[in-house]
Amino acid sequence: MEYLVYVSTAKKLMKDDELLDVLQTARVKNADYGVTGMLLYSEGTFIQALEGEKEDLYKIYNAIQLDLRHRNIILMITGTVEERIFPKWSMAFASVNADVLKHIENYLNPASKNFITDNKHATVSMLKTFAETNRLSLSF
């Protein structure tokens, strides 16, 4: 199984309803292709980890590259994993500046001690670093 992590910039700062639309779209597409992962957003920047079979994973990633809500998409890391890091998440989500979204299913509070997992994989480290770096703007 393959994984990838990318960062991108939103074309504009996103409101809660726009973030919810991104999340819902991602969950449907990911479930259709058997892709799991996590999406973090802070102040106009996304970081997303995706995992799945290579062909399906790149179908999702290529669609993201065509999504007009994103720009400056940078593929940070790719590789293989023996088992999923996010096995039960068609798309876990955290917005470090939208407190209202904490009521959405699978919302993760980046300020929580149990954020993501204790997994030491590079993907998890990148997501944790992003959340910790943006923690100053949290209002939980």
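This passage walks through one helix and a few aromatic side chains of a predicted model. Residues are numbered from 1 along each chain as its sequence is written, and side-chain values use heavy atoms, with hydrogens and water left out. Since the model is predicted, local features need pLDDT of at least 70 and side-chain atom pairs count only at pLDDT 80 or more, while totals for chains, interfaces and linings use all residues.

Helix H1 (helices being DSSP runs of H or I with at least four residues, strands E runs of at least two, both numbered from the N terminus) covers residues 16–33. Its end C-alpha atoms sit 26 Å apart, which agrees with the 26 Å expected for 18 residues (1.5 Å times one less than the number of residues). Buried here (under 20% relative accessible area; exposed is over 50%, partly exposed in between, with a 1.4 Å probe and protein chains only) are Leu19, Val22, Leu23, Ala26, Arg27 and Asn30. They take up an arc of only 130 degrees (judged by the directions from the helix axis to the C-beta atoms), so they share the same side of H1. Asp17, Val28 and Asp32 are exposed on the other side. Just past H1, Gly34 has a positive phi of about 70 degrees.

As for aromatics, the whole structure holds three pairs (ring centres within 6.5 Å, using the six-membered ring of Trp; planes under 30 degrees apart are stacked, over 60 edge-to-face, the rest tilted). Tyr41 and Phe46 make a tilted pair because their planes meet at 55 degrees, with centres 4.9 Å apart. Tyr41 is buried at 0%, and Phe46 is buried at 1%. Tyr6, Tyr58 and Tyr61 form one cluster. Ile47, in strand S3, has its C-alpha atom 5.7 Å from that of Tyr6, 41 residues apart along the chain.
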